[in-house]
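Hi everyone, thanks for making time for this. I'd like to walk you through a structure that may be new to you, so let's put it on the screen.

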Amino acid sequence: VKTALRGLFLSEAFWAQANRGALVKSPVDLVVGTVRQFDVEYGDPALFAMVTAQLGQNLFSPPNVRGWPGGETWINSSTLLARKTFIDRLFRAEEMPRMTRTAMHLQAAKDDSDANDGIERAKRAARERFVRAMGDVRLDTNRWSREFAAPPAQVEIERVVLAQAPVNPIAADLSTRELLKQLALDPAYQLK
Amino acid sequence: MQRRDFLKLTGAASVAFLAPRLALARTATGYENLLVLVELKGGNDGLNTVVPYADPTYHALRRRIAIKREEVLQLDGRTGLHPSLAALMPMWQARELAIVQGVGYPHPNLSHFRSIEIWDTGSKSEQYLADGWLARAFATRPVPQRYAADGVVIGSQDLGPLAGNGARAIALADTAQFERQARIAHPVHARGNSALAHVLKVEADVAQAAARLDADHAFRTQFPPGPFGNAVRTAAQVVASPSGVAAVRLTLNGFDTHVNQPAIHANLLKQFGEGLGALKSALAELGRWDSTLVMTYAEFGRRPHENGSNGTDHGTASAHFVAGGRVRGGLYGQAPQLDRLQNGNLAYAVDFRSLYATALESWWGVPTASALGERFAPLDVLRA
């Protein structure tokens, strides 16, 4: 194994720029990867299963025995917007105090639905669980940047967050939080 | 001159312009003609939708769930519609509703996933194709760039017939919500590997559609409540946008009626019928009903024999609807041959790709062989 790994890690293809960021992140890659990469705090982990389902990967329930088609089919207009909305929400979670958020979302969920049949009730229960769990999510970008030995340069952060250079131009002198948000919303963040 | 350009010139046309509009609409083929596909997801029970009410075998096979003879909406001496489809009767009487019976394909597959894949890609039963049949048609004959998108998918995340092959397909639930969400999408002109190129293309498609779709046309039409009514409202908003789309796919979920079918099916057909009625009314307001072709589809019909749970199991051939201002109403295809079942299922009489050929060749002027692999004869359901 040692010889094989050595050969693998020293091969040109392993280090080639062309092979970096050449795959689309699956919903699980994206959601779990984001939560771990930004050290996101959360309460109810079912939240993330609900999000991957929205993004087209309902855990343990592939569309058929062949599994998910994967690759580029993960991304269509609907799932791309849902991916960006999820990331946008995570970063918003830092801006608002927790109680306000939860109360606001729950009210919105109540307004959405006043039907009372079983299916609607189940949907509403799921929505409320989602909203409550989302309210418990914390993303602390200051704590995140303290993990670095010295305050990281912008380029250094880009390399940590993205598998390839960002597509959109990134302004200089952004706050760490704003920089991370822009990088996570960059098209390159969808790749691994 | 293209009809679309003509409409642009006339702009907010007065009623006086309606006559020439109609005259042009009648002869045009091309993407000025809108295709609306309605997916009856789960496999609609054709026999309880278009009911062979005079056939004693029908009542014998379905002792508990047959639609009673006195309840059907009679179309002729032996065929009638489910009573929940009352909203379709004005369309039938106006002779704008074609009902095609016995739609299916050889060697039918009874799995939801595989059979809808066959329908979505327009493949043979034993053939696996990667791209949707509409995506292939748009690759052969591209939709003009000025359109907001090639097609819009409403009420489903799955792009179905619009999947793959570079089609500019937008999935949305609600135009206003889409416009809000799309603010975080930006078109960028950058190059990269194929994965990045795909992400950038989708992002650009979203941004273009968001920029060109209109979300606030005020319709006089009352849209029925419920998810399908909302989907129809969204479809009407998309069509109201000046830059438009070539195809819209709507999905109505829940037709997999294995258990306690009668109430569930009645509710679904009511949503479907009222939704289609509202669609006609809204498109007529826009002057688009004569340039719209609506077609239903589903992965399969259901077994003629009811099951032990007051429902029906996966079957084969089924009845489908084709509607529009230029449709020649009436019954087409073959009435169910209930005394000649094959393994307990209906034999098909009309290949589903003939329905697709009607849209491709007669409606858009796109050669069918390029999108379907071989030529299928269109159904003669359009007025000349």
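Let's begin with the second largest cavity, which has 13 residues in its lining. Nearest its centre you'll find B:Gly104, B:Tyr105, B:Pro108, B:Thr316 and B:Ala317. Please keep in mind that this is a predicted model.

How much space lies in the second largest cavity? About 60 Å³. Two elements of chain B, β5 and α5 (112-121), each supply at least two residues of its lining. Sorted by class, that lining has seven nonpolar residues, five polar ones and one charged one.

You may be wondering how many cavities of 30 Å³ or more the search of the whole structure finds. There are two. As for the idea behind such a search, rolling a probe the size of a water molecule over the atoms shows where empty space is left.

So, on to the largest cavity. The space in it comes to about 130 Å³. Its lining is made up of 15 residues, and those closest to the centre are B:Gln101, B:Gly102, B:Gln334, B:Pro336 and B:Leu346. Strand β5 of chain B, residues 97-104, turns up here as well: both β5 and β10 (318-323) give at least two residues each to this lining. And the classes? Nine of the lining residues are nonpolar and six are polar, with no charged residues.

Now let's move to where the chains meet. On one side, 27 residues of chain A are in contact with 25 residues of chain B. Together the two chains bury about 2200 Å² between them, and carbon and sulfur atoms give 62% of that area. Which residues of chain A lose the most area to chain B? They are A:Glu72, A:Ser77 and A:Leu81, which together account for 26% of what the chain A side buries.

Next, the polar side of this interface. The rule finds seven residue pairs in polar contact across it, with both residues at pLDDT 80 or more. Helix α5 of chain A, residues 77-92, gives the most to the side that touches chain B, with eight residues. Taken as a whole, that side of chain A divides into eleven nonpolar, eleven polar and five charged residues.

Finally, salt bridges. Side chains of opposite charge can pair when their charged atoms come close. Over all chains the count is 21 salt bridges, and one is found across the interface of chain A and chain B. Its partners are A:Lys84 and B:Glu203, with 2.7 Å between the closest N and O atoms. Why does this pair join two chains? Because A:Lys84 lies in helix α5 of chain A, while B:Glu203 lies in helix α8 of chain B, residues 194-212.

That's my tour, and thank you for listening!

Conventions: Residues are numbered from 1 along each chain as its sequence is written. Chains are lettered from A and ligands numbered from 1 in the order in which they are written. This is a predicted model: local features need pLDDT of at least 70, side-chain atom pairs count only at pLDDT 80 or more; totals for chains, interfaces and linings use all residues. Side-chain values use heavy atoms; hydrogens and water are left out. On a 1 Å grid over the protein atoms alone, a cavity is a set of points where a 1.4 Å probe fits but cannot get out, and a pocket is an open set with protein on both sides within 12 Å along at least five of seven lines; lining residues have an atom within 4 Å of a point. Grid points are joined across faces, edges and corners, and a volume is the space filled by probe spheres set on the points. Helices (H or I, at least four residues) and strands (E, at least two) are DSSP runs, numbered from the N terminus. Ala, Val, Leu, Ile, Met, Phe, Trp, Tyr, Cys and Pro count as nonpolar, Asp, Glu, Lys and Arg as charged, and the others, Gly among them, as polar. Contact means heavy atoms within 4.5 Å. Buried area is the accessible area (1.4 Å probe) that two parts lose on being put together, summed over both. A salt bridge is a side-chain nitrogen of Lys or Arg within 4 Å of a carboxyl oxygen of Asp or Glu. A polar contact is a pair of N or O atoms within 3.5 Å; within protein, one must be able to donate a hydrogen and the other to accept it, and residues adjacent in sequence count only if both atoms are side-chain atoms.
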